[in-house]
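Biologist: I am new to this structure and should be grateful for a close look at one part of it. Please describe the surface that faces the nucleic acid.

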2 protein chains.
Amino acid sequence: MPERAVAGGKENSVETPVESTRERLLNVAEQRFGEGGYEGTSLRAITVAAAANIAAVNYHFGSKEALLRAAVARAMAPVNTERRRRLDQLEANGQPNPEQLIRAFVEPGLDLVLRHGERGAVVARFIGRIAFDPSQRIRELYAAESDPIEARYLSALQAALPHATPEAVAFGYVNMLGLLALHQSQALSRAPGLEDAENSGKLAENLVAFLVAAFDRGLRA
Amino acid sequence: MPERAVAGGKENSVETPVESTRERLLNVAEQRFGEGGYEGTSLRAITVAAAANIAAVNYHFGSKEALLRAAVARAMAPVNTERRRRLDQLEANGQPNPEQLIRAFVEPGLDLVLRHGERGAVVARFIGRIAFDPSQRIRELYAAESDPIEARYLSALQAALPHATPEAVAFGYVNMLGLLALHQSQALSRAPGLEDAENSGKLAENLVAFLVAAFDRGLRA
DNA sequence: GCATAGTTCAAACGGTCGTTTGAACAGGAG
DNA sequence: CTCCTGTTCAAACGACCGTTTGAACTATGC
């Protein structure tokens, strides 16, 4: 009766390992949550698209919110890892300038699309939407996932912008976060047939230039 | 049985005319929709807080979405009017510069808080949240309300930034829109007890400075 | 073979959703 | 007073929500 592939089925292509129910749920969750938001997406819509039973969500995750939490954690892990790596590298080479710090923050969030095509765009949109979900509880789910690295960025930015007050640095950081989330959430509605990689590269460059100018000359007390 | 004030009741203060059911519904709607988003807010939560019957929503507006549409239209009307007024004034005095155009766009959206206190902050948060609601249909409700003026701003910005390509101008406009909505949606969580007006004034100045720097030097092809 | 742990399933749970109904209530016009 | 229009009300509608249940299936270890 179940029509989906079974582990070890020889008819599958060589390169695509069969996804587990858990993986399919996470994949569909980030696609649908990113499309309609948390409240606007039902578990039934997710499980139908994932060819899974509704009870599978509670079996694998425990609740709808726990599914979202797992999806956020999985989606943000590589971004956070890359941001940490870049921060480590920058700080090892002395005092980084604002542009280097902005790149270290923005590019990992947009390279998702650049390096993983439409799949990466789905992840980017998901992250961008969750970061500014209407519900505060959902936003805190995102914040909890990027909390530890936020403090590092703030102090590094402060050191790179000695003329700016802490309030101004925090203001710039919030704006950087917001603009990144904005363009992430629009990752799929931009040029939906052209070269994703090329467009994302240009977008990242434009966004960095925009932010660098604003940080260098637009922060006041 | 109904405990709310009745028209002409002498116990009411002189300055507060009694609100109609329709007005109470709109007031509570922009408060709750701005707090939990469209999907995250039920009509029952709104009608209970507004001391109205559930059927009153369908009587006065027709549906939940029609209530939201009416609230969006009412909230944005004064902002759009003020933006049009400023644009008219600027264009009457010759070619405006980018800072003047940015002020004409940003300040009407934040002066809500400056001039109407907590009530204005509720409206600002409502607008900011709806502008970037997860559901595209809701976002289009906002877009439809600010559509006609958007074209004027884009061409005025293009004229003020002759060195920038149309794509760069559009990119800057989207960023301005996004940052304004971001700070509008945070209107109530910032300094909840201090002088709203003073904080909003500073915020507007900081945001204008941030955007002017980014527009002047951060837009490339 | 049998037992066992991991996973999936259809079905149902109670609750809440947006919407609709039809009666009741108001108040001015004739 | 009667009529009429506008408004409010309790109650119910069917649909959908997240969650739970307990049986059925699968695969591995003995």
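Modeller: The model is a predicted one, and the part in question is the protein surface near DNA strand C. One phosphate contact comes from chain B, where a polar side-chain atom of Ser42(B) lies 3.1 Å from a phosphate oxygen of DNA strand C. Chain A offers two further examples. For Tyr59(A), the distance from a polar side-chain atom to a phosphate oxygen of the strand is 2.9 Å, and for His60(A) the corresponding distance is 2.7 Å.

His60(A) also appears among the residues that come nearest to DNA strand C, together with Thr21(A), Leu43(B), Arg44(B) and Lys64(B), out of 16 residues around the strand. Of the atoms of DNA strand C that come within 4 Å of the protein, 50% belong to sugar and phosphate.

Both chains contribute helices to this surface. In chain A, helix H3 (54-60) supplies at least two of its residues; in chain B, helix H2 (43-49) and helix H3 (54-60) each do so as well. By character, the residues of the surface near DNA strand C comprise five nonpolar, seven polar and four charged.

One further detail concerns a lysine of chain A and an aromatic ring. Lys64(A) lies over the face of Tyr38(A), with a distance of 4.4 Å from the ring centre. A similar description applies to Arg83(A), which lies over the face of Phe105(A) at 3.9 Å from the ring centre. Phe105(A) itself is buried, its relative accessible area being 1%.

Conventions: Residues are numbered from 1 along each chain as its sequence is written. Chains are lettered from A and ligands numbered from 1 in the order in which they are written. This is a predicted model: local features need pLDDT of at least 70, side-chain atom pairs count only at pLDDT 80 or more; totals for chains, interfaces and linings use all residues. Side-chain values use heavy atoms; hydrogens and water are left out. A residue is near a molecule or strand if one of its heavy atoms lies within 4 Å of it. A polar contact is a pair of N or O atoms within 3.5 Å; within protein, one must be able to donate a hydrogen and the other to accept it, and residues adjacent in sequence count only if both atoms are side-chain atoms. Helices (H or I, at least four residues) and strands (E, at least two) are DSSP runs, numbered from the N terminus. Ala, Val, Leu, Ile, Met, Phe, Trp, Tyr, Cys and Pro count as nonpolar, Asp, Glu, Lys and Arg as charged, and the others, Gly among them, as polar. Buried means under 20% relative accessible area, exposed over 50%, partly exposed in between (1.4 Å probe, protein chains only). A charge sits over a ring if NZ of Lys or CZ of Arg is within 6 Å of the ring centre and within 35 degrees of the ring normal.
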